[in-house]
Amino acid sequence: MGRIQQIQSFSTLDGPGSRCVIFLQGCPVGCIFCHNPDSWDGQKGMEIPIDELLRRIDRFRPFLPNPGLTISGGEPLAQFEFTMELIRQAKTEGWHVALDTSGWGSPLHFEEAVRGADLVLFSIKHPLEPTRVSQLTVNELEEKLAVLSRATTPVWIRYVLIPSWTDGPEAAEGLKKAISRIPSVEKVEILPYNSLAQEKWKKLGWDSPLFYDDIRTDEAKVAEFERLLGMRSQ
Ligand code: SF4
């Protein structure tokens, strides 16, 4: 049994092509910019056995030219056994399986999950000071980068750009170094922060330091950061 927050039948934002996305319930990572705070509580969501889950997503398969499944959350590694079994069974049924993770938890679990998936969408919260924006420590990040430096599974890096929080030249340099350690990186996605999730946070009665400034990330800021990373020439 796994705890599932929601199933999205169609997405073009969570890996290559068009895919179905399963959002697992439960996340201990505590990002101050989280767009899905409803997923944090591991006791909520629906309990669903894997065979039932696979039956449900099978209905979407005819609408997906190359059946892709992204396991997201929440943090999928917070339900490690369930996630591993889901990866295994979904692959057996012909799905291309992407794992969307922050790398939370044991490095051994992380390594096993990276090996099992067809693609890893790895979110780096901050390359030098992840505790500025999440509960992850720099040691935890280091452990996961060490795993990815040995991995052959393709990796897409995801990074949320928040002015004054994650966008400085030192952060860009740190991110560049982190990425250079992963030989199987195929893509780097710099995602602009927006404040759309504030209402969700407020409904939960939660507060975030990001609520106190008018923080916006526009395309120009993303382009500037990509230039610092060497992803753009001008
Ligand atoms: S890891 Fe993802 S789900 Fe968890 S707090 Fe961060 S952004 Fe939210």
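The legends below describe close-up views of a predicted model.

**View A. The sheet as a whole, with eight strands in one open arrangement.**
The strand order is 3-1-2-4-5-6-7-8, and the pairing is mixed. Strand 3 (46-48) and strand 8 (185-192) are the edge strands, each pairing on one side only. Direction ignored, neighbouring strands of this sheet are turned by 30° against each other on average.

**View B. Strand 2 (residues 19-24) and its two partners, strand 1 and strand 4.**
Strand 1 (residues 2-11) pairs with strand 2 in the antiparallel sense, over five bridges. Within this pairing, Ile7 stands opposite Ile22 of strand 2. The pairing of strand 2 with strand 4 (residues 68-72) also has five bridges, in the parallel sense. Arg19 has Gly68 of strand 4 as its bridge partner, and Phe23 has Ser72 of strand 4. Six of the six residues of strand 2 are buried, so this strand is largely enclosed by the rest of the structure. In a regular strand, side chains alternate between the two faces of the sheet. Arg19, Val21 and Phe23 point one way from strand 2, while Cys20, Ile22 and Leu24 point the other way. Residues of both sets are buried.

**View C. Strand 4 and its pairing with strand 5 (residues 96-101).**
Strand 4 and strand 5 pair in the parallel sense over four bridges. One bridge partner in strand 5 is Ala98, which belongs to Thr70. Strand 4 is mostly covered, with five of its five residues buried. Gly68, Thr70 and Ser72 point one way from strand 4, and Leu69 and Ile71 point the other way.

**View D. The largest nonpolar core, made up of 57 residues.**
The members that touch the most other members are Ile22, Leu69, Ile71, Val97, Leu99, Ala117 and Val120. Strand 7 (residues 155-161) supplies the largest share of this core, six residues. Leaving aside neighbours within four places in sequence, Leu69 is in contact with Arg19, Cys20, Ile22, Ile57, Ala90, Trp95 and Val97. Val120 stands opposite Val155 of strand 7. Strand 6 (residues 119-123) and strand 7 pair in the parallel sense over four bridges.

**View E. The ligand and the residues that surround it.**
The surrounding residues are Cys27, Val29, Gly30, Cys31, Cys34, Asn36, Ser39, Gly73, Gly74, Glu75 and Ser102. By class, this shell divides into four nonpolar, six polar and one charged. A cis peptide bond joins two of the shell residues, Gly73 and Gly74, with omega about 15°. Most peptide bonds are trans. Gly74 is placed in the loop between strand 4 and helix 2 (80-92).

**View F. Val29, a residue of the ligand shell, and its contacts.**
Val29 lies in the loop between strand 2 and strand 3. Is Val29 buried or exposed? With 24 C-beta neighbours inside 10 Å, Val29 counts as buried, because the threshold for that class is 20 or more. Leaving aside neighbours within four places in sequence, Val29 is in contact with Glu75, Ser102, Trp104, Ser134, Gln135 and Leu136. Glu75 and Ser102 are also among the residues around the ligand. The C-alpha atoms of Val29 and Leu136 are separated by 6.3 Å, although these residues are 107 residues apart along the chain.

**View G. Gly116 in helix 3 (residues 107-116).**
Gly116 has 18 C-beta neighbours inside 10 Å and therefore counts as partly exposed. Beyond neighbours within four places in sequence, Gly116 is in contact with Met84, Ile87 and Arg88. The C-alpha atoms of Gly116 and Glu85 are separated by 9.7 Å. Along the chain, Gly116 and Glu85 are 31 residues apart.

**View H. Ser164 in the loop between strand 7 and helix 5 (169-180).**
What is the sign of phi at Ser164? Ser164 has a positive phi of about 75°, although it is not a glycine. Most residues other than glycine have a negative phi. Ser164 is exposed, with 9 other C-beta atoms within 10 Å; the limit for that class is 12 or fewer.

Note on methods. Residues are numbered from 1 along each chain as its sequence is written. This is a predicted model: local features need pLDDT of at least 70, side-chain atom pairs count only at pLDDT 80 or more; totals for chains, interfaces and linings use all residues. A residue is near a molecule or strand if its C-beta atom, placed from the backbone, lies within 6 Å of it. Ala, Val, Leu, Ile, Met, Phe, Trp, Tyr, Cys and Pro count as nonpolar, Asp, Glu, Lys and Arg as charged, and the others, Gly among them, as polar. A nonpolar core is a set of buried Ala, Val, Leu, Ile, Met, Phe, Trp, Tyr and Cys residues joined through C-beta atoms within 7 Å. Helices (H or I, at least four residues) and strands (E, at least two) are DSSP runs, numbered from the N terminus. Two residues are in contact if their C-beta atoms, placed from the backbone, lie within 7 Å. Two strands pair if DSSP finds at least two bridges between them. Axes are lines fitted to C-alpha atoms, for helices over the stretch in contact, and angles run from 0 to 180 degrees between N-to-C directions.
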